[in-house]
Amino acid sequence: MEENSQNELLAVRRQKLEALRAAGIDPFGQAYETTGAPGQIRAAFAEGQKVRTAGRITAHRNMGKSHFIDLSDSSGRMQVYLNAKEVGAETMAVFDHLDIGDFIGVEGETFVTKTGEPSIKATSFTVLSKSLRPLPDKWHGVQDTEIKYRQRYLDLISNPESMEVFQKRIAIVREIRRFLEDRGFIEVETPMMQAVPGGAAAAPFKTHHNALGVDLYLRIAPELYLKRLLVGGFSKIFELNRNFRNEGISRRHNPEFTMLEAYWACADFEKMAELVEEMVCHVAQTVCGTLQIEHKDAEGNVLRTINLTRPWRRTDYADLIKGIVPDWYERTPEQRRAWCIENHIDVTHCQEDFEVTQHVFEKLVEEKTMNPLFVTRCPKELVPLAKQNAANQSVVDVYELVINGQEISPGYSELNDPDIQRERLEHQSGGETQKLDEDFLTTLEYGMPPAGGIGIGIDRLVMMLTGVESIRDVILFPHMRPRAGT
RNA sequence: GGGUUGGUAGCUCAAUGGUAGAGCAGCGCCCUUUUAAGGCGUUGGUUGAGGGUUCGAGUCCCUCCCAACCCA
């Protein structure tokens, strides 16, 4: 396939490459000083300015003796006008060897065309990089999901809406950092390779350190190390980085994903809920400019609007369950299972009674909750690292924040009693349990201040704020099965 | 892991079991303010891979690969 059809398109570009070289022009040029990126010049446009800019040629409109080209990069697009009479025949001969996809630098003066388009009238241009392969369709861009994910650069070049989502993601992460730092939290870095993969219940990736001769695991959560820092005297810390879980890939799961965890000494889960509420609203207001987040389908119809207006609803876990089945907690475990079967909720995979209840919660509360909801005081079995409630030892002082039908953020009053922590970790039950990190338990014995802690799944937060349905659309390079030859 | 849908030109998409097409891109020509520029002409295919059924397969059957969606 590469031999025939593709090669004809490639051959033409290779010929132009050689033609440039024959004309004494380096097709892969040097540094080029600019007065601004294409999108910046367009955004701050003023007529009659001498400017220099650089970018990729993404469109070419040939009028005979004059040409219009679009130069683009992540900043946006700027039109360049090239007139044979003004730049001369020699320069136009060089221009004939350029293609859509090439990078050039342009020098000229700004003006507005008679159709009102801000433009640069080029006096000269410089070849910065020859593109040897054709770009995707200029109008439809890349539609093939496989190409979008495997060759993200093509998606970014040709699909402005994809570029916009990633720009928003970058802004969201930046605003979260700014928000936390403004409130006195400092960002720390803890190990991504851990001897005991703790802090969550998940299958880890295993690796090996040759010099030490030990197996290590990519972290599934930073929690236990951040708590070691609370013991060490830090009182307001956060880490915003990657976690790794060796589990299935789906619309909502990528093997590596970005997590924010923050800890605040002498705070509790209620104070953390306040913090998260403020933070998400700050980010939405700053990045999206609104607290009403519209999710649209491919045709642009609004599917739903998520209303982030404060205050956010807070309801106890048990009350939410009772809202579905009022006498749920008066029933026996067998009766609860029977109710699930009657109501077509598959709980065959649930080993323990609390898992049955949790499954009902996930299907009938979580998945149906679009606007923010803090689910408070969850069953203690679900959260072995949180403090038990003083009045009701069967629940823990936590919230689970649900937005957009997904768990976006948990927040705890952190368990700081080393003996209870040991017991809770040793007596976990159900399908998923956490590893026992002896070194962490020893650390707790030195004394950890009471603290509030939160986690926020950044990918899911970005999905919620940008209205995309798949985690792959908010991760630049989502994991795919490797393909031979690529 | 199970189910559904899909894979055709560089890209976006067509094609009752009966000669594989269009638009864009490319190439050639015309055009000095266009913007999915326009007009005329033109190149380009092992239809994801491999088997099978048939006079004849992009299309039907089987196996495999890749992807998306749903379920677990």
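**Strand β15 and the aromatic pairs**

In this predicted model, Leu 373 and Val 375 point one way from strand β15 (residues 373-376), while Phe 374 and Thr 376 point the other way, and all are buried (under 20% relative accessible area, with exposed over 50% and partly exposed in between; 1.4 Å probe, protein chains only). Strands here are DSSP runs of E, at least two residues, numbered from the N terminus. Local features need pLDDT of at least 70, side-chain atom pairs count only at pLDDT 80 or more, and totals for chains, interfaces and linings use all residues. Residues are numbered from 1 along each chain as its sequence is written, and side-chain values use heavy atoms, leaving out hydrogens and water.

Strand β15 has partners in β14 and β16 (strands pair if DSSP finds at least two bridges between them). Strand β14 (residues 313-316) runs parallel to β15, joined by four bridges, and Arg 313 has Leu 373 as its bridge partner. Strand β16 (residues 398-403) runs antiparallel to β15, again with four bridges; here Leu 373 is matched with Val 402.

Then there are the rings, which pair if the centres of Phe, Tyr or Trp (its six-membered ring) lie within 6.5 Å; planes under 30 degrees apart count as stacked, over 60 as edge-to-face and the rest as tilted. The count comes to eight aromatic pairs. One of them, Tyr 81 with Phe 111, is edge-to-face, at 5.7 Å centre to centre and 65 degrees between the planes. Tyr 81 sits in strand β3 (residues 76-83) and Phe 111 in strand β4 (residues 103-112), 30 residues apart. Phe 374 and Tyr 399 also pair edge-to-face, at 4.8 Å and 80 degrees. Phe 374 belongs to β15 and Tyr 399 to β16, so this pair ties together parts 25 residues apart in sequence.

Conventions: Chains lettered and ligands numbered in written order.
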